[in-house]
Amino acid sequence: MKITPFSAGFGVEVTGVDLAGSLDDDTKARLRAAWAKHLVLVVRDQENLSPEDHVRFCELFGNLGKRSRPADDRHEGTDAPSEVMFVSNRKEDGKFIGSLPDGEMQFHIDQCYVERPARATCLYAIVVPDAGGDTIFGDLCRAYDALPDDLRGVVDDYDALNVFSYDSTSREQVGKISNARQFVQPMVVSHPVTGRKALYVNRLMTAEIVGMPGDAGRAIIDRLVAHEEQPEFLYTHKWRKGDLLIWDNLCTVHARTDFDPTKERHLRRFTVEGGPLVGE
């Protein structure tokens, strides 16, 4: 197995490992250590990875997470476990079989709008278009480290309300807060292994700063998301069939680029269970 860091300053490519087979203890330990340090693992060339293999890989990093979405967006024809979610524009009987089928999606943190957000998200590419549909990751640890002093003072002292309406891909689609799932989270979290602080704010779902007037809070959020989305904090992943990605869902933010809706994009998703967040 070879682990190669990306030039973006975070994230690694993993090659020379077959996740359909059993892994020895040394390989497991190297994968866990690489994930803790680099936040995003890109495991290449996992052709025909079964749902069971996918789950077994996720469980290297913790317990399998439960679905946070309604069960009716699950493709009932699959033999995957009930925790599965498909990010897919594939249709059967004229209906999408999965979630978030097409288009661009703004930067977000999975499940930040519930009490126990997923610790990690793991996505496997079954079919991908030849262009577009890339996933852009942002390093929220480096973003926190580079915060101006005035913004650091805000995020260290305040919490924020995160909201989401299912299948919304932009802030404008989330709608009224009363119609969306919502939860108050700290604006700064710590990595459970390395202890590094991370900025826990995102463009799509962070709606307001608790205890701050609306306009003032929104202006701060706009500055924070513009800061964390700067190119120096980002890695753009161009998907290949057989790619398996797992990313740290506390310390990274991610987005999707647009793609041709006539081209099929079908990915299988599981999460790793998280716990309540502890702020700084």
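Let me start inside the protein, with the largest cavity, whose lining residues divide into 10 nonpolar, five polar and five charged. Please keep in mind throughout that what we are looking at is a predicted model.

As for how much room there is, the space in this largest cavity comes to about 280 Å³. The lining is made up of 20 residues, and if you want to find the cavity on the screen, look for Leu 100, Met 105, His 108, Asp 110 and His 254, which are the closest to its centre. Several strands take part here, since β4 (85-88), β7 (105-108) and β17 (252-256) each supply at least two residues of the lining. Among the contributors, β17 gives the most, with three residues. When the whole structure is searched, two cavities of 30 Å³ or more are found.

Now let me turn from cavities to pockets. The largest pocket has a volume of about 230 Å³, and 14 residues line this pocket, with Lys 66, Gln 111, Val 114, Arg 116 and Glu 273 lying nearest its centre. Sorted by class, the pocket lining has four nonpolar residues, five polar ones and five charged ones.

My last topic is a pair of helices. In general, two packed helices are described by the angle between their axes and by the distance between those axes. Here, helix α4 (residues 149-157) packs with helix α5 (residues 214-228) at an angle of about 115°, and their axes are 11 Å apart. How, then, are α4 and α5 placed relative to each other? Angles of 65 to 115 degrees count as roughly perpendicular, and α4 and α5 are therefore roughly perpendicular to each other. Their crossing is left-handed. Looking at the residues themselves, Asp 150, Leu 151, Val 154 and Val 155 on the α4 side meet Ile 220, Arg 223 and Leu 224 on the α5 side. By class, this contact has five nonpolar residues and two charged ones, with no polar residues.

Methods. Residues numbered from 1 in each chain as written. Predicted model: local features only at pLDDT ≥ 70, side-chain atom pairs only at ≥ 80, totals over all residues. Heavy atoms only, no water. 1 Å grid on protein atoms, 1.4 Å probe; cavity = no way out; pocket = protein on both sides within 12 Å on 5 of 7 lines; lining within 4 Å. Points joined across faces, edges and corners; volume = space filled by probe spheres on them. Nonpolar A, V, L, I, M, F, W, Y, C, P; charged D, E, K, R; others polar. Axes fitted to C-alpha atoms, helices over the stretch in contact; angles between N-to-C directions. Helix = DSSP H or I, 4+ residues; strand = E, 2+ residues; numbered from the N terminus. Parallel < 35°, antiparallel > 145°, perpendicular 65-115°, else oblique. Left-handed = near helix turned anticlockwise from the far one by under 90°. Contact = heavy atoms within 4.5 Å.
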